[in-house]
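Notebook open, model loaded. I'm jotting down what I looked up, in the order I looked.

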Amino acid sequence: MVGTTIHVARQRAPCGRFEEGRRHRESDAAGLVFDDLTYACGCRRTRHEFHDGSVRIATVQHDGKVLADEHSADHEG
Ligand SMILES: [Zn+2]
């Protein structure tokens, strides 16, 4: 896995606060991609693409509350 982390300018986090964040992206040669955005307050938005082409997108508030958790199993590109 190859990972990179970049700083993200202040924007609205899932909880409604305006926070800076860090975006961490990892991928491998076979098509696996983890793209995670973590805000300073602790909120997270994650996008994970799996080897079978499915995509999971989750939004979790800093207190642990899951605001969205979608999994697409029929992603055909
Ligand atoms: Zn938050």
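First query: does serine 54 count as buried, exposed or partly exposed? I got 13 C-beta neighbours inside 10 Å, so serine 54 counts as partly exposed. The cut-offs I used: buried means 20 or more other C-beta atoms within 10 Å of a residue's own, exposed means 12 or fewer, partly exposed is in between, and the C-beta atoms are placed from the backbone.

Before going on, a note to self on the source: this is a predicted model, where local features need pLDDT of at least 70 and side-chain atom pairs count only at pLDDT 80 or more, while totals for chains, interfaces and linings use all residues. Residues are numbered from 1 along each chain as its sequence is written.

**Where serine 54 sits.** I found serine 54 in the loop between β4 (44-49) and β5 (55-60). I also checked serine 54 against glycine 16: their C-alpha atoms are separated by 29 Å, with the two positions 38 residues apart along the chain.

**Whole chain.** I counted zero helices and six strands in the protein chain. Both are DSSP runs numbered from the N terminus: helices are H or I with at least four residues, strands are E with at least two. Reading along the sequence gave me β-β-β-β-β-β. The C-alpha trace spans about 35 × 25 × 20 Å along its principal axes. Buried residues make up 8% of the 77 residues.

I looked at contacts too (C-beta atoms, placed from the backbone, within 7 Å). Among those with a separation of 6 or more, 19% are between residues 24 or more positions apart.

**The sheet.** How are the six strands ordered? I read an open sheet, β1-β2-β3-β4-β5-β6, with antiparallel pairing. Strands pair here if DSSP finds at least two bridges between them. β1 and β6 (66-72) stand at the edges with a single partner strand each, so one side of each has no neighbour in the sheet. The twist averages 10° from one strand to the next; for that, axes are lines fitted to C-alpha atoms, over the stretch in contact in the case of helices, and angles run from 0 to 180 degrees between N-to-C directions.

**β1 with β2.** I found nine bridges joining β1 and strand β2 (residues 18-27) in the antiparallel sense. For the register, valine 2 stands opposite serine 27, threonine 5 has histidine 24 as bridge partner, and isoleucine 6 has arginine 23. The two strands form a hairpin with five residues between them, and glycine 16 in the turn has a positive phi of about 105°.

**β2 with β3.** Strand β3 (residues 33-39) pairs with β2 in the antiparallel sense over seven bridges. Arginine 25 stands opposite aspartate 35 in β3. This is a hairpin too, with five residues between the strands, and glycine 31 in the turn shows a positive phi of about 105°.

**Back to β1.** Why does β1 lie largely in the open? Of its eleven residues, the number buried is zero. I picked out arginine 12, which is in strand β1 (residues 2-12). Arginine 12 is exposed, because I find 11 other C-beta atoms within 10 Å. The C-alpha atoms of arginine 12 and tyrosine 39 are separated by 9.1 Å, although the two are 27 residues apart along the chain.

Definitions and conventions:
Contact = placed C-beta atoms within 7 Å.
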